[in-house]
Amino acid sequence: MFGPTLINHKNERIQKRVQFLFGVMLFFLIVPVVLIVGTLLVKGSGIISWSFLFHDPTNGMTEGGIFPALFGTIWLVTVSLLASVPLGVAAAIYLSEYAPDNLLTRLIQLATINLAGVPSIVHALFGVGAFVVFFRFGTSILAASLTLAIMTLPVVIVSSWESLQSVPRSFREACWNMGATRWQTIWHVVLPNAFTGILTGVILQVSRAAGETAPIMFTGAAMFLPFLPSSVFDQTMALALHLFVVTTQVPNVPESLPYGVALVLVGIVLLMNSVAIWIRMRLRRKKKW
Amino acid sequence: MEPGDATRLDARDSRWYIDKGFEIVMFLCGISAIVFVVGIFLFVFREGLGFILHDMDVGEFFFSPKWRPTSLHHPTYGILAMVAGTAAVTVLAMAICLPFSIGAAIYIAEFATGRTRETLKILIEFLAAIPSVVWGFIALSIMNPLIITLFDVPMGLGVLNSALILALMAAPIVTSIAEDAFKAVPDSYREAAEALGATRWQTIYKVVLPAARNGLLSAGLLGVGRGFGETMAVLMASGHSINLPTSVFDSFRALTATIAAELGETPVGSSHYQSLFAIGIFLFFITFIINMTADFVVRGVRKG
């Protein structure tokens with residue numbers, strides 16, 4: 001009496017086809033990742049060697065290594081993290097632990113969304129107008145890193161907020177009942193429990209900051225420098241900008257060079273993302289609440 | 001309880017001051033996002049103000065396709081060609097990106113389970129992680145020769161190349177927001193539909209998709225915002241010549257790319273320099289409106 005009818009069979013056929021179609025669509029989004037990484041590996045891995053990573057570019061950047069760019073990216077990312085992580089985590093603490101449900105909080109959320117949506121080149125213009133010109137930092141690591149810090153701030157705020165929110169309210173209540181103040185509760189109970197989640201966000205931010213080009217190209221990153229930066233007031237080369245330069249600005253670059261630079265950049269970024277994913281999965285397995 | 005105990009408990013000791021102090025510091029950091037958004041507007045506006053007051057002819061700025069800021073006799077500052085180019089590419093990119101992303105999101109949210117779903121999400125996350133300058137490099141070194149051979153055209157840089165790259169760049173964002181929109185549809189809706197004998201696809205088509213409508217709209221809007229704001233990839237993929245594109249193989253120039261290509265070559269404070277900041281203000285407003293609308297659309301659905 002309740003056996004499958006002809007309509008059921010037809011529906012099932014449609015269902016199977018549709019599922020297959022969506023699977024194919026997803027496949028088309030995933031194939032490029034594999035193809036890109038594959039192509040970079042095939043064409044770029046040949047050039048990568050100890051001397052490529054740790055020597056200066058020579059002969060008008062058509063030969064030699066990428067060390068100053070690698071070194072500069074580490075500088076830029078480190079300084080930008082020093083600025084954005086404390087600020088972003090504190091902002092997340094305010095939003096998660098203190099903020100009442102009012103208009104100001106809503107405005108902060110809207111501003112965070114907007115900060116993430118402002119085009120990177122507008123961030124660059126802001127960096128030039130504010131840090132380079134107005135605060136007189138000149139084109140320097142400091143100006144470029146602060147621009148990067150503001151640009152990546154929403155990443156830290158959102159990911160820290162999420163991990164703070166995932167700490168159960170009962171943990172806080174237990175602590176308050178012991179007579180602890182709000183700050184003591186945050187410092188001794190909430191933050192330690194949210195630490196791994198916040199760390200994941202910071203690692204993702206490293207990945208994001210290392211790959212950005214537009215915000216740093218007018219604020220502190222130079223196309224070529226004959227010396228390494230020694231303070232935050234120096235200019236520096238950067239890996240992402242170096243890829244742009246060897247691809248578009250320098251004539252007679254051997255084909256493998258830009259592939260090598262791209263491979264190193266993508267390698268760093270995907271490595272960071274993998275570490276973040278690994279931590280997140282471990283955390284999920286360990287969590288008991 | 002002795003009288004006076006209450007006052008002792010209420011005493012403002014050092015602990016109280018530390019607590020209050022940290023609360024104030026957290027509050028100041030909390031409002032930093034507002035400070036920065038306002039700061040971005042003010043500083044970009046401040047640099048572009050001279051141009052807006054003295055050199056800008058509103059009609060020319062928005063309706064002339066001639067961008068010749070370096071002309072000695074008669075510099076013109078028209079952004080129409082760039083707006084048209086950016087809009088054309090964004091529309092084409094979304095036309096490619098939306099069906100694939102929403103299809104992928106449906107697969108991840110409604111069909112895939114367990115380990116498969118996690119792996120797929122990680123791969124999509126990897127797609128999102130690829131820096132924009134690397135996409136530009138791919139546009140130049142892989143897509144460009146590919147388009148030339150496939151379509152037998154003299155140049156592979158232009159609208160099609162940029163749109164494909166942008167579609168891939170926007171896909172992870174659109175996919176993950178669309179997936180969130182599907183997840184936000186209560187399971188009870190699906191259960192009700194399946195209890196009536198609907199297949200999984202009928203449930204998705206008749207119940208889940210309409211319920212997630214606003215979330216999908218917002219995903220599309222954020223994709224558009226991304227398209228308008230993307231800089232390095234479009235700079236490298238567009239061919240960067242100013243014209244009103246008439247075919248998908250035409251070269252064009254994006255608003256963002258113009259700033260990126262010319263800011264380094266203009267003396268600080270010149271009209272040309274200031275006009276680039278004026279473009280920046282325009283971009284700021286466009287993305288501001290898009291992001292606010294997207295947020296509003298999503299919130300509307302949660303309340304309703």
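## Exercises on a two-chain predicted model

B:His240 sits in the loop between helix H12 (232-237) and helix H13 (255-262) of chain B; helices (H or I, at least four residues) and strands (E, at least two) are DSSP runs, numbered from the N terminus. The model is predicted, so local features need pLDDT of at least 70 and side-chain atom pairs count only at pLDDT 80 or more, while totals for chains, interfaces and linings use all residues. Residues are numbered from 1 along each chain as its sequence is written, and chains are lettered from A and ligands numbered from 1 in the order in which they are written.

**Exercise 1.** Determine whether B:His240 and A:Asn252 are buried or exposed, and state the sign of phi in each.

*Solution.*
- Step 1, the rule: a residue is buried if 20 or more other C-beta atoms lie within 10 Å of its own, exposed if 12 or fewer, and partly exposed in between, with C-beta atoms placed from the backbone.
- Step 2, B:His240: 20 other C-beta atoms lie within 10 Å, so B:His240 is buried.
- Step 3, A:Asn252: this residue is in the loop between helix H10 (239-248) and helix H11 (256-286) of chain A. It has 8 C-beta neighbours inside 10 Å and therefore counts as exposed.
- Step 4, background on phi: most residues other than glycine have a negative phi.
- Step 5, the sign: phi is positive in B:His240, near 60°, and positive in A:Asn252, about 60°.

**Exercise 2.** Describe the build of chain A and its spread against the globule rule.

*Solution.*
- Step 1, elements: chain A holds 11 helices and 2 strands, in the order α-α-β-β-α-α-α-α-α-α-α-α-α from the N terminus.
- Step 2, spread: the radius of gyration (taken over C-alpha atoms) is compared with a rule of 2.2 Å times the number of residues to the power 0.38. Chain A has 24 Å, well over the 19 Å that the rule gives for 289 residues, so chain A is more spread out than a compact globule.
- Step 3, extent: the C-alpha trace of chain A spans about 80 × 65 × 35 Å along its principal axes.
- Step 4, burial: 49% of the 289 residues in chain A are buried.

**Exercise 3.** Work out how chain B divides into domains and which helix of domain 1 gives the most to the side touching domain 2.

*Solution.*
- Step 1, elements: chain B has 14 helices and 2 strands.
- Step 2, bounds: domain 1 of chain B covers 5-68 and domain 2 covers 80-303; such bounds come from an automatic or database domain assignment.
- Step 3, separation: the C-alpha centres of the two domains of chain B are 28 Å apart.
- Step 4, contact (C-beta atoms, placed from the backbone, within 7 Å): 16 residues of domain 1 of chain B and 13 residues of domain 2 of chain B take part.
- Step 5, the helix: H3(B) gives the most on the domain 1 side, with 10 residues.

**Exercise 4.** Characterise the side of chain B that touches chain A by element and by residue class.

*Solution.*
- Step 1, count: 75 residues of chain B are in contact with 72 residues of chain A.
- Step 2, element: helix H3 (residues 32-55) of chain B gives the most to this side, with 11 residues.
- Step 3, classes: Ala, Val, Leu, Ile, Met, Phe, Trp, Tyr, Cys and Pro count as nonpolar, Asp, Glu, Lys and Arg as charged, and the others, Gly among them, as polar.
- Step 4, result: the side of chain B that touches chain A has 50 nonpolar, 17 polar and 8 charged residues.

Technical notes:
Contact = placed C-beta atoms within 7 Å.
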